Amino acid sequence: MTDPIASRGAAQSTRPQPDRLREFARTLLRGERPYMLYIAFAILLVIFSLASPWFLSVDNFLNIGRQTTLVSIVAVGMTFVIIARQIDLSVGSTLALSGMAAALAMSHINNSWIVGAIAGVGTGALVGLLNGLLTMRLAIPSFLVTLGTLSAARGLALMVTNTKPVIITDETYFSIFGEGSFLGIPAPIAWTLAATIVGILLLHYNIFGRRIYAAGGNPTAALYSGIQVRRVTTLAFILTGMLAGLAALVLSARSHAARPDVVEGMELDVIAAVILGGCSLFGGRGFILGTLLGSLIIGTLNNGLVLLGISSPMQLVIKGAIIVAAVAFTKR
Amino acid sequence: MSEPHPIAGAPSQAPLVRVEGITKSFGGVRALRGVNLEVRPGEVHALLGENGAGKSTLIKILSGVHTHDSGSIEIAGNKVAFDTPAKARDAGIAVVYQDLSLVESLSVGANLMLGREPRTRLGFLRKRQLMAEVEAFLKRHGIPLDPRVSVGSLPFAYRQMTEICKALMGDVRVLILDEPTSALTGDEEQILFDAIKTVTDRGVGVIYVTHRLNEVFRVSQRVTVFRDGSNVGTFTTAETDMKQLVAAIVGPGHAAMQAQETTSGRAERTPPAATDAGSSPGSPVLSLSNVSNDRLRHVDLTLLKGEIHGLAGLIGSGRTEILQTIFGLRRIETGDVAIDGETRQLRSPAEAIECGMALVPEDRHVQGLILEHSIERNLTLPRLAHFSRWGWVQQRASVQGARAAISRLAVRAPGPATPVKNLSGGNQQKVVFAKWSHPRPRVLLLDEPTVGVDVGAREEIYILVREAAKVGTGILVVSSDLGELLLLCDRISVVADGRISKTFKRGELGDAEELHHLIQLSQTADEQAA
């Protein structure tokens with residue numbers, strides 16, 4: 001009796017194979033069609049180029065690229081966390097603490113860039129691990145856990161040197177994370193691209209990505225399908241911490257010092273970038289390229305508002321309004 | 001059988017609800033092509049049809065969720081058109097949906113009185129009065145609910161009962177029940193039917209949507225069948241039979257027609273696996289000895305290779321918990337689980353899956369599927385290791401595997417990329433089954449495998465279960481549908497109060513009524529022992 005039905009199913013399944021390029025696009029875009037993002041980006045570009053003659057210059061775009069790196073790098077990690085139906089508010093503080101750890105390790109243990117890198121990224125990973133364990137083992141909402149670490153990590157960063165910056169002297173460190181270039185690409189932008197590519201591979205090609213989508217899409221069904229939801233989600237927090245650590249290296253290499261009071265309020269930009277980029281706060285939806293575009297929009301917004309000579313308090317107001325409007329506009 | 005004829009001897013009252021020529025399209029899809037329905041005061045009018053026949057669409061139009069394109073609706077002779085659910089409610093139409101709309105953190109009483117709580121002059125809640133009112137109401141209708149218990153802690157059946165009470169408490173003229181018994185046991189069904197009787201005595205008209213035909217004969221006076229968005233016919237229940245209704249539902253020349261014939265001839269079937277020479281029914285694939293935990297008490301159970309073993313019992317008796325314990329979702333406190341004779345630790349679903357366990361859970365929307373995600377992603381989930389190399393997903397293999405599963409299980413879907421939420425209930429359930437089709441599990445645990453599944457898809461699922469047993473998978477089925485257990489199983493164990501009270505071979509049991517009786521007996525024996 002299954003024959004007529006089975007053959008109907010078989011007829012549907014023998015459709016022509018999509019070509020490689022389309023398959024690639026489909027994998028990276030996750031079936032999303034981010035036209036709204038393009039439109040938002042284009043509108044921003046038009047407004048700012050009309051308002052400021054300097055906006056449309058190569059120098060300024062490199063500027064935007066450089067200014068966006070920190071947000072873009074951290075936003076890759078945040079994409080995993082948000083797809084897993086969690087949030088990480090502590091990224092700015094984690095970045096500050098990781099930067100301090102990197103600089104202190106180099107000045108006290110061994111003045112080599114490797115030590116700094118390990119200390120910075122390692123510290124980020126530890127904060128991420130703490131966020132993950134508290135959220136998943138004690139079942140405290142990640143909003144509260146990371147609100148706590150947002151405060152505690154910042155306090156710790158300020159405490160270790162009694163709020164003083166730590167000077168970095170290693171030239172290789174500056175070159176690798178700040179002033180050098182890789183294949184002609186300035187190091188900070190190269191690191192952004194690297195983080196993005198790793199993010200794409202992990203999220204769209206690795207089973208880790210599949211597990212993250214499942215854990216966020218429906219945690220119960222994921223558990224019933226043998227996904228270790230707690231472990232997978234904790235890994236997403238660790239990844240975000242590590243990327244905050246990497247961003248700390250890039251930032252401190254630019255300023256030749258680590259300061260404990262940097263990037264306050266950065267979590268707003270990062271979360272806004274991820275949500276603009278198409279992630280759902282309810283989990284299970286989002287993609288890395290969207291996040292990258294979301295970061296660029298935030299970066300362009302920051303840059304354009306400065307160019308227009310708007311006072312920094314006013315910038316905050318405008319930015320907040322635009323972000324809420326844009327999210328309201330892009331969400332489905 | 002195209003138009004309802006005036007029925008001889010029927011009460012000659014004016015209809016309470018008259019629906020005429022309703023059409024409704026979603027995009028290009030015509031969900032309703034001009035349907036008619038008439039409900040008299042005090043009548044239970046059953047509405048039948050396969051998934052996608054248009055029953056849900058009509059209900060949503062009657063309850064103001066959707067608006068109709070053309071046609072007319074009259075309530076007690078007044079022409080109405082609801083553009084919001086609130087207006088439908090004001091007109092006295094109450095709907096109990098399959099997915100419930102209760103506030104889980106509040107008590108039963110607070111839920112029932114939500115929005116019309118008795119207050120003091122200063123606006124404070126009169127809690128004692130509220131509880132007293134609710135208690136009086138529940139007592140009057142003989143509904144066994146404690147108004148003080150929070151809804152979140154109740155088993156599904158009682159939540160549904162709360163939902164029905166909520167609908168009954170308002171000034172209701174038309175009560176619409178959408179598959180109300182899909183999760184109820186026999187006893188609870190009787191309570192529901194009594195409650196329906198109470199409201200119809202008050203002159204309320206009831207529209208009763210169901211997949212279970214035997215209920216139609218138990219509660220309804222008339223029955224209307226939809227197929228593909230059109231009326232097939234309206235019958236007086238007393239003048240029709242199962243065969244005629246099935247024929248009307250599935251339409252001419254449908255394969256499920258023959259299937260239903262075998263379903264009706266349940267008792268004559270001989271259990272296949274026990275007599276099947278191909279499998280070796282002697283060797284146990286799974287055995288539980290003296291397993292206890294928070295919900296189970298000294299459970300002993302042996303599942304043979306190729307055996308279909310049923311677990312019968314009331315809701316809350318521990319049937320589901322036995323499956324959950326085997327699947328690593330509940331910690332075992334004492335006792336052993338052995339798989340193929342080897343004692344194994346099952347501390348998480350991941351470990352259970354590794355040992356060859358597979359679970360088709362009770363609630364496919366919450367536990368079985370990620371609705372927003374594609375068929376392919378859902379299918380790959382429990383077997384990611386099989387579809388990856390060094391942690392990298394083999395996307396081609398995964399898509400091809402999904403295509404193969406879609407055609408093998410005859411899932412009606414455009415392709416593997418289709419989100420599961422776009423599929424009908426039966427097809428969603430097939431996707432849940434397909435998650436576990438390869439590699440072949442040693443033990444397949446099925447929890448209410450055909451709830452909310454239409455007649456045709458149900459039979460296809462039975463075939464899948466039997467095929468799995470034929471190749472040697474041991475199958476443990478929990479079902480509230482006793483006929484289903486008798487139809488499928490080689491052995492049936494009765495579960496009561498967290499333990500297995502007795503196990504029967506299929507041949508030792510007669511019909512569903514007898515099994516029902518045994519369940520009741522084991523329950524009362526248990527209460528005496530306690």
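Two residues are taken to be in contact if their C-beta atoms, placed from the backbone, lie within 7 Å. On that footing, among contacts in chain A between residues at least 6 apart in sequence, 78% join residues at least 24 apart. The model described here is a predicted one, and its values are computed from the predicted coordinates.

**Chain A as a whole**

The secondary structure of chain A comprises 15 helices and 4 strands. Its C-alpha trace spans about 80 × 50 × 40 Å along the principal axes, and its radius of gyration of 21 Å agrees with the value near 20 Å that a compact globule of 332 residues would have. Of these 332 residues, 50% count as buried.

Confidence in chain A averages a pLDDT of 87, with 92% of the residues scoring at least 70. Residues 1–16 of chain A, however, stay under a pLDDT of 50, although the model has 21 contacts beyond four places in sequence for this stretch. Where pLDDT is low, the predicted coordinates should not be read in detail.

**The side of chain A that touches chain B**

Between the two chains, 29 residues of chain A are in contact with 36 residues of chain B. On the side of chain A that touches chain B, helix 1 (3–13), helix 10 (207–217) and helix 11 (219–224) each supply at least two residues, and helix 1 of chain A gives the most, with 7 residues. By class, this side of chain A has 13 nonpolar, 13 polar and 3 charged residues. The contribution of helix 1 (3–13) of chain A should be set beside the pLDDT under 50 over residues 1–16 of that chain.

**Three helices**

The table sets out the lengths and spans of three helices from the two chains.

| Helix | Residues in helix | Expected span | End-to-end C-alpha distance |
|---|---|---|---|
| Helix 3 of chain A | 17 residues | 24 Å | 24 Å |
| Helix 5 of chain A | 18 residues | 26 Å | 25 Å |
| Helix 17 of chain B | 16 residues | 22 Å | 23 Å |

In helix 3 of chain A the buried residues are L37(A), A40(A) and F48(A); seen down the helix axis they fall within an arc of 65°, so they line one face of the helix. The face of helix 3 turned away from that buried side carries exposed residues, among them Y35(A), Y38(A), I39(A) and V46(A).

Helix 5 of chain A has 15 of its 18 residues buried, so this helix is largely enclosed by the rest of the structure.

In helix 17 of chain B the buried residues include V455(B), R458(B), E459(B), E460(B), I461(B) and L464(B). Just after this helix, G472(B) takes a positive phi of about 110°.

**Positive phi outside glycine**

In chain A, R85(A) has a phi near 70°, a positive value in a residue other than glycine. R85(A) is found in the loop between helix 4 (58–83) and helix 5 (91–108) of chain A, and it counts as buried because it has 21 C-beta neighbours inside 10 Å, where 20 or more are needed.

In chain B, D340(B) has a phi near 50°, likewise a positive value in a residue other than glycine. The loop that holds D340(B) runs between strand 14 (334–339) and strand 15 (342–343) of chain B. With 16 C-beta neighbours inside 10 Å, D340(B) counts as partly exposed.

Terms used: Residues numbered from 1 in each chain as written. Chains lettered and ligands numbered in written order. Predicted model: local features only at pLDDT ≥ 70, side-chain atom pairs only at ≥ 80, totals over all residues. Nonpolar A, V, L, I, M, F, W, Y, C, P; charged D, E, K, R; others polar. Buried ≥ 20, exposed ≤ 12 C-beta atoms within 10 Å, placed from the backbone. pLDDT = per-residue confidence, 0-100. Expected span 1.5 Å × (residues − 1). Arc of directions from axis to C-beta. Rg over C-alpha atoms; globule rule 2.2 N^0.38 Å.
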